[in-house]
Amino acid sequence: MLQKFTTILGIIISLIILVSATMYISYWRNINIPIKALSEEVNFIVNQGDGVRDISRNLKESGLIKSPFYFDWYASFRNIDKKLQAGEYSLDKNMNIKTIAGALATGNALSSEKTIKIIEGWRTEEIAEYLAKEHGFNAEEFIKLTKSGE
C-alpha cells in the first residue's frame, strides 16, 4: 500500500515538474526571441489612455509580438505596465518583448522636432531656398511671411 502511494506521489510530482518546465520554456522563448530575425522597422503609436492590454493587442496587430498574453504578463510581472508612455515609437521586428517593453516604458518616443541651421549672413531668399530643399518648406510662403512680419 505504501509503495503504491509513493509511486503515485512520484508520478504526480514528476508531472508537476514537467508542466512547470514546459511553461517556463514557453515563457522564456516568447519573452526573449523576437518575431523576426531580420530588421524591419515599424512606427508604433501608443495613444493617451491606452492600457497594457490595448498596447499588447496593437503590438500583435503590428506584427511586433506573437502573443499579447506574454507581453501583458511580462509588463505586469516587471511592474512596467504602469510606466508605459504615450507617443510614437520606432520599433523593430527583431526586438524581443523585453526590449519593446523597455522602449515603451522609458518614453523614448520619436520627436517631431527638427533642427534647422541657418548660417549667419544668409539673405531671406537663401534661407527660403535652404528650407525648401532640406526641410520641405514652401519658399515663396516663407519669403511672404518674413516680409509681412507675421
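These are my notebook entries on a predicted model, taken in the order in which I looked things up.

**Entry 1: the α2 and α3 pair**

I began with two helices, α2 at residues 52-61 and α3 at residues 68-77. Two packed helices are described by the angle between their axes and the distance between the axes. I looked up both values: the axes come within 9 Å and cross at roughly 140°. I therefore entered α2 as oblique to α3, since angles count as roughly antiparallel over 145 degrees. I recorded the crossing of α2 past α3 as right-handed.

I then listed the residues that meet. From α2 I noted Val-52, Arg-53, Ile-55, Ser-56, Arg-57, Leu-59 and Lys-60. Their counterparts in α3 are Pro-68, Phe-71, Asp-72 and Ala-75. Sorted by class, this contact holds six nonpolar, four charged and one polar residue.

**Entry 2: Asp-92**

I next turned to Asp-92, which I found in strand β2, residues 87-92. Is Asp-92 buried or exposed? I entered Asp-92 as buried, because its relative accessibility is 12% and the cut-off for buried is under 20%.

I looked for a polar partner and found Ser-39: the two side chains make a polar contact at 2.6 Å. Leaving aside neighbours within four places in sequence, I also listed what Asp-92 touches: Leu-38, Ser-39, Glu-40, Glu-41 and Leu-64.

**Entry 3: helix α4**

I moved on to α4, residues 97-106. Which residues of α4 are buried? I noted Ile-97, Ile-100, Ala-101, Ala-103, Leu-104 and Ala-105. An α-helix has 3.6 residues a turn, so residues three or four places apart point the same way. I then asked what covers the buried residues of α4. The cover includes α1 (2-32), β1 (41-46), α2, α3 and β2; the strand of Asp-92 and the helix pair of my first entry thus return here.

I checked both ends of α4 as well. At its start, a side-chain oxygen of Asn-96 comes to within 3.2 Å of the backbone nitrogen of Lys-98. Just after the helix, Gly-107 has a positive phi of about 75°.

**Entry 4: Arg-78**

Last, I looked up Arg-78, which I placed in the loop between α3 and β2. I entered Arg-78 as partly exposed because its relative accessibility is 46%, and the class runs between 20% and 50%. I also looked up its separation from Arg-123: 45 residues in sequence and 55 Å in space, C-alpha to C-alpha.

How values were computed
Residues are numbered from 1 along each chain as its sequence is written. This is a predicted model: local features need pLDDT of at least 70, side-chain atom pairs count only at pLDDT 80 or more; totals for chains, interfaces and linings use all residues. Side-chain values use heavy atoms; hydrogens and water are left out. Axes are lines fitted to C-alpha atoms, for helices over the stretch in contact, and angles run from 0 to 180 degrees between N-to-C directions. Helices (H or I, at least four residues) and strands (E, at least two) are DSSP runs, numbered from the N terminus. Angles under 35 degrees count as roughly parallel, over 145 as roughly antiparallel, 65 to 115 as roughly perpendicular and the rest as oblique. A crossing is left-handed if the near helix is turned anticlockwise from the far one by less than a right angle, and right-handed if clockwise. Contact means heavy atoms within 4.5 Å. Ala, Val, Leu, Ile, Met, Phe, Trp, Tyr, Cys and Pro count as nonpolar, Asp, Glu, Lys and Arg as charged, and the others, Gly among them, as polar. Buried means under 20% relative accessible area, exposed over 50%, partly exposed in between (1.4 Å probe, protein chains only). A polar contact is a pair of N or O atoms within 3.5 Å; within protein, one must be able to donate a hydrogen and the other to accept it, and residues adjacent in sequence count only if both atoms are side-chain atoms.
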